[in-house]
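Please keep the sequence and the model side by side while reading, as the paragraphs below move from one helix to the ligand, then to a second helix, and finally to a loop.

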Amino acid sequence: MIVGIDLGTTNSLVAVWRDDSPQLVPNALGSLITPSVVGLDDQGQVLVGQAARERLQTHPQLTAALFKRHMGSAQEISLGARRFRPEELSALVLRSLKEDVERAFGEAVTEAVISVPAYFSDAQRKATRIAGELAGLKVEKLVNEPTAAALAYGVHQKDRETSFLVFDLGGGTFDVSILELFEGVMEVRASAGDNFLGGEDFDAALVQHFLSSQRQDKAFPDVDSPGLRNRLRREAERVRQALGQEATATFSLAHGGQQWEQVISQDELQKICAPLLERLRGPIERALRDARIRVADLDEILLVGGTTRMPLIRKLAAGLFGRFPAMQINPDEVVALGAAVQAALKQRAAALEEVVLTDVCPYSLGIETTAQFGRMYEAGHYLPIIERNCVVPISRVKTIQTLHDNQTQVLLKIFQGESRMVKDNIALGELSIPVPPRPAGEVELDVRFTYDNNGILEAEVKIPATDEVHSLVIEKSPGVLSPEEVRRRLAELAQLKVHPREQLVNTVLLARLERLYQEHLGEVREMLAQMAGSFQQVLGTQDTGRIADLRAAIEQRLEELERSPWQ
Ligand code: AMP
């Protein structure tokens, strides 16, 4: 069985193809959404998902989130005494999703289609494949997230040429992609985005608004404590989500026996978020320009990402594009469902027509050159060979010449990025090519870059003067683990003990009680301590019935606490 996985920055989901349709698979807690958070518990056992997320605040040294942002880099993240690569943490999330499917269907899962953002670079894609490998999954294909969304909407089944835009606003990122379906071939024509714009920024704006309205009140507590800041952020998220159904919602904070409230209307939310809404325009315009397409030529707009549930985002999209976007499928589930469609295509399930997917190279790829200004030479310039947003697979050649008399070697430095000078771009690797000693400029080198469907870049250099071809693999790609490193880390991950699955529900509850304890003071705190104490006592009895009853009662009380403040 090939599973489809949406490995997200904040949340991950897994889906399988069953009964001619994609279906999401719940995790050990019965939820379809697993937070992309990994931690170690007090015994050093691995916790993945909600339990780890609850401990982010109470055990920051033992918990990691948002590691997708570091995929493809060599940055390591510490959990206690151990250091993890981002692909190892991703592997632990993938392993947990794999196990959820294995539990649900009693079948081994060894293959997966994993979605990645359309703009993911070569190193980021390689890191995602390695994460799969570290989780014991053969990655059949990496599918671009917007392509997956299109597959979930069945766009590939249309028999006429279709152009559409995927508007993906998640918790922390905004991505716009323009795709085209032509003669059964789906192409990502362009992608653009903002890596630091999402639902969390809307929450921060709402918190800021609430705080500024309370500024005059001398009794208002000091919000510099992490506990209080987290409560404000969560309250903002609750209010923002409530405004999806209600005309107004009340932002409230109870602290030290006092309560502060502010009623917020849809219109006010719109005003508070206006600067952020404005920032959504830039990437949309850039993507349209790069794809050389006009809004009027788009056949459909697809909404992806939890934040697109906000009515004001839908209204904005409808205004910008002059029509209502498609939103029949849950925007936070659509990518995982599409990944399962891609998995089914791989398995050639009869229910679907075969489709060839092609994608774009998200960044320009090029080499360092020396620019000549009259008699002056200046090193460090960038010569793009493959331009950003080219449809892949693609192969492009540029010819360069030697710079010095009797030069015996050319050092070719390969970069990715859009800046004029290489120092502002990302170094991917370098290769040294021997050349015959001749006067400057007499030896030519044809540099060919080939970028394939899986986002792998290969450089080949031909020297027509000698007919030599150097087919070269870029070895110094930063942040990509070597096969030996992968083997070593695989062995290390196998040693890690995982927190027992059956205990997860109870662990989540204890972690939540601990977090709330840290966030509150006074009587509420005492009550939380009592609840934690009695729950731990009942856990000691190992009486599953009593444990479940008390858990349900406490959960209900905590729901009330988190919905409307006590005191
Ligand atoms: P994602 O990254 O796609 O998982 O989206 C996560 C973001 O979606 C978070 O910022 C959530 O606050 C937001 N979100 C989820 N459900 C809703 C909703 N009903 N209304 C507004 N925002 C939501």
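The bend at a residue is taken as the angle between two fitted axes, one for the seven residues ending at that residue and one for the seven starting there. With that in mind, and remembering that this is a predicted model, consider helix α7, in which a kink of about 60° lies at C273, shortly before the proline P275. Helix α7 runs over residues 266–279, and its 14 residues reach 19 Å from the first C-alpha to the last, which is close to the 20 Å expected at 1.5 Å a residue.

The residue at the kink, C273, is also one of the buried residues of α7, a group that consists of L269, I272, C273, L276 and L277. The buried residues of this helix pack against two helices that follow it, α8 (281–291) and α9 (311–321), and also against α5 (199–213) and the strand β16 (258–265).

Turning to the ligand, which residues are the closest to it? Of the 13 residues that surround the ligand, the closest are T10, G171, E237, R240 and G306. Looking at individual atoms, a polar side-chain atom of T10 lies 3.0 Å from an oxygen atom of the ligand, and a polar side-chain atom of N11 lies 3.1 Å from a ligand oxygen atom. In the case of G171, it is a backbone N or O atom that lies 2.9 Å from an oxygen atom of the ligand. On its own the ligand has 500 Å² of accessible area, and the protein covers 80% of this.

The element that gives the most to the shell around the ligand is helix α6 (residues 226–242), which contributes three residues. Its 17 residues should span 24 Å at 1.5 Å a residue, and because the end C-alpha atoms are 24 Å apart, the expected and computed spans agree. The buried residues of α6 are G227, L228, N230, R231, L232, E235, A236, V239, R240 and A242, and R240 is also listed among the residues closest to the ligand. As for their surroundings, the buried residues of α6 pack against α1 (50–58), α5, β15 (248–255) and α12 (504–519); helix α5 is likewise a packing partner of the buried residues of α7.

The last stop is D543, in the loop between α13 (522–541) and α14 (544–563). Is this residue buried, partly exposed or exposed? D543 has a relative accessible area of 34% and is therefore partly exposed, since that class lies between the 20% limit for buried and the 50% limit for exposed. Along the chain D543 and G44 are 499 residues apart, while their C-alpha atoms are separated by 26 Å.

How values were computed:
Residues are numbered from 1 along each chain as its sequence is written. This is a predicted model: local features need pLDDT of at least 70, side-chain atom pairs count only at pLDDT 80 or more; totals for chains, interfaces and linings use all residues. Side-chain values use heavy atoms; hydrogens and water are left out. Helices (H or I, at least four residues) and strands (E, at least two) are DSSP runs, numbered from the N terminus. The expected span of a helix is 1.5 Å times one less than its number of residues. Buried means under 20% relative accessible area, exposed over 50%, partly exposed in between (1.4 Å probe, protein chains only). Contact means heavy atoms within 4.5 Å. A residue is near a molecule or strand if one of its heavy atoms lies within 4 Å of it. A polar contact is a pair of N or O atoms within 3.5 Å; within protein, one must be able to donate a hydrogen and the other to accept it, and residues adjacent in sequence count only if both atoms are side-chain atoms. Accessible areas come from the Shrake-Rupley method with a 1.4 Å probe; for residues, only the protein chains shown count as cover.
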